[in-house]
Amino acid sequence: MPPEAMRRFDPKRLWALVVKESLQAVRDPSTLLIAFVLPVVLLLLFSYAVSLDVRAVRIGVVQESESASAQSLAAAFAGTRYLDVTFAHDRREVSDRVVSGELRGFVVIPQDFEQRLADRGARPLVQIIADGSQPNTANYVTNYAQGVVQTWRGGLGIEASQAGVTLEPRYWFNAELESRRSLVPGAIAIVMTIIGTMLTALVVAREWERGTMEAVLSTPASVAEILIGKLLPYFALGMLATLGATALAVFAFGVPLRGSLAALLLLSATFMVPALGQGLLISSITRNQFLAAQIALFSGFLPAFMLSGFLYEIDAMPAPIRAITWFIPARYFVSSLKTVFLAGDIWVVFVPNLLAMAAIGFLFFVLAKRATRKNLE
């Protein structure tokens, strides 16, 4: 066969390669396990086991005063569902429990509580002590305890003359402030990263190990046909996993999908380009399953988990780390997923993210094609 015919793109050869890879994927139990079972497990974990909502925090309330006002304030602490209150009459009863980790802090209602109440803010009403070994929880205990005291004083009418303005906060897109509604869309990005990057890197690296990749490269099929033929089945697996994860998110976990399904599929399809390209590049360079898995973990999964805005706010990261996040495709996908689920079809957000993911994907495919040609030579 002339070299020109070998290099010419042939749809029939491409289709034959797609069928071959699809049969191989269906016959491989590990591929189906990663593609369909692992996403369900991860979504269950991020929906129920992982939560950023702080509720029922264990604190102590020390009543050194037995006055009616002190008892009323103590009852206000006991009446909230966000705090799990343990009552005591001596701070030594609860201080040891804070040290042991049983309590996250305690509030002291002092003996001269009535005098402090009559001073109208000249002295603090209560003392709040929190466990600083967990800063987020300590801040929560402090702020919520102050809120309980202010609400209680407002109910007595003490603050009425001082409060000229009443603030009523409104939270857009997630009015209940449930972390699940933010975590589940981000978890879909983690699932897609696992399927696109890790699964592709492992499967293609396995073919390099067994020598079947060299056999395929020696056929008349071009490098582009081989790469596309190998990735299309995993692209289809990724899209099916996206549909399944979306159905779970909406119907099982109660996460609203305020945007369109078409926009969600477009975003997911675009993200699969850099994810698949990265996995293919890793396998072409390493040609070893163990090494490919390690590199995919450190360059794909962990950045998507830590540096995409999934769990940690990017704006709160140091400037050098923020600069690195610009090269992580999951950053743009997580932002787009949260938007399409919680806000709707906001194309001002989608278009820059789509362009960024497509550009990174194109770069990965160019590098993977060059690495594959070099290996063949």
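A polar contact is a pair of N or O atoms within 3.5 Å; within protein, one of the two must be able to donate a hydrogen and the other to accept it. Keep that in mind for the first stop. The model on screen is a predicted one.

**Stop 1: E225**

Select residues 223-252. This is helix α10, and E225 lies in it. Is E225 buried or exposed? E225 has 0% relative accessibility, so it counts as buried; the cut-off for buried is under 20%. Now add R13 to the selection and show both side chains. The side chains of R13 and E225 are joined by a polar contact of 2.9 Å.

**Stop 2: strand β1 and its partners**

Select residues 57-63, which form strand β1. Of the 7 residues in β1, 6 are buried, and the strand is mostly covered.

Next, add residues 83-88, strand β2. β2 pairs with β1 in the parallel sense, over 6 bridges. To see one pair, pick I59, whose bridge partner in β2 is V85.

Show helix α4 as well, at residues 68-78. Together, β1, α4 and β2 make a β-α-β unit, and this unit is right-handed.

Which strand is joined to β1 by 4 bridges? Select residues 105-109: this is strand β3, which runs parallel to β1 and is joined to it by 4 bridges. Here the pair to pick is V62 and V108, with V108 in β3 standing opposite V62.

While the strands are on screen, one general point helps. In a regular strand, side chains alternate between the two faces of the sheet.

**Stop 3: V99**

Move to helix α5, residues 91-99, and select V99. V99 counts as exposed because its relative accessibility is 73%, and the cut-off for exposed is over 50%. Then select D131. V99 and D131 are 32 residues apart in sequence, and their C-alpha atoms are 8.0 Å apart in space.

**Stop 4: the second largest pocket**

Select S308, G309, I314, R331 and S335. Of the 14 residues that line the second largest pocket, these lie nearest its centre. The space in this pocket is about 320 Å³.

Which elements give two or more residues to the lining of the second largest pocket? They are α14, at 329-342, and α15, at 347-376. Colour α14 separately, since the largest share of the lining, 6 residues, comes from α14. Sorted by class, the lining has 5 nonpolar, 5 polar and 4 charged residues.

Methods: Residues numbered from 1 in each chain as written. Predicted model: local features only at pLDDT ≥ 70, side-chain atom pairs only at ≥ 80, totals over all residues. Heavy atoms only, no water. Buried < 20%, exposed > 50% of the residue type's maximum accessible area, 1.4 Å probe, protein only. 1 Å grid on protein atoms, 1.4 Å probe; cavity = no way out; pocket = protein on both sides within 12 Å on 5 of 7 lines; lining within 4 Å. Points joined across faces, edges and corners; volume = space filled by probe spheres on them. Nonpolar A, V, L, I, M, F, W, Y, C, P; charged D, E, K, R; others polar. Pairing = 2+ DSSP bridges. Right-handed = clockwise from strand over helix to strand, strands pointing away.
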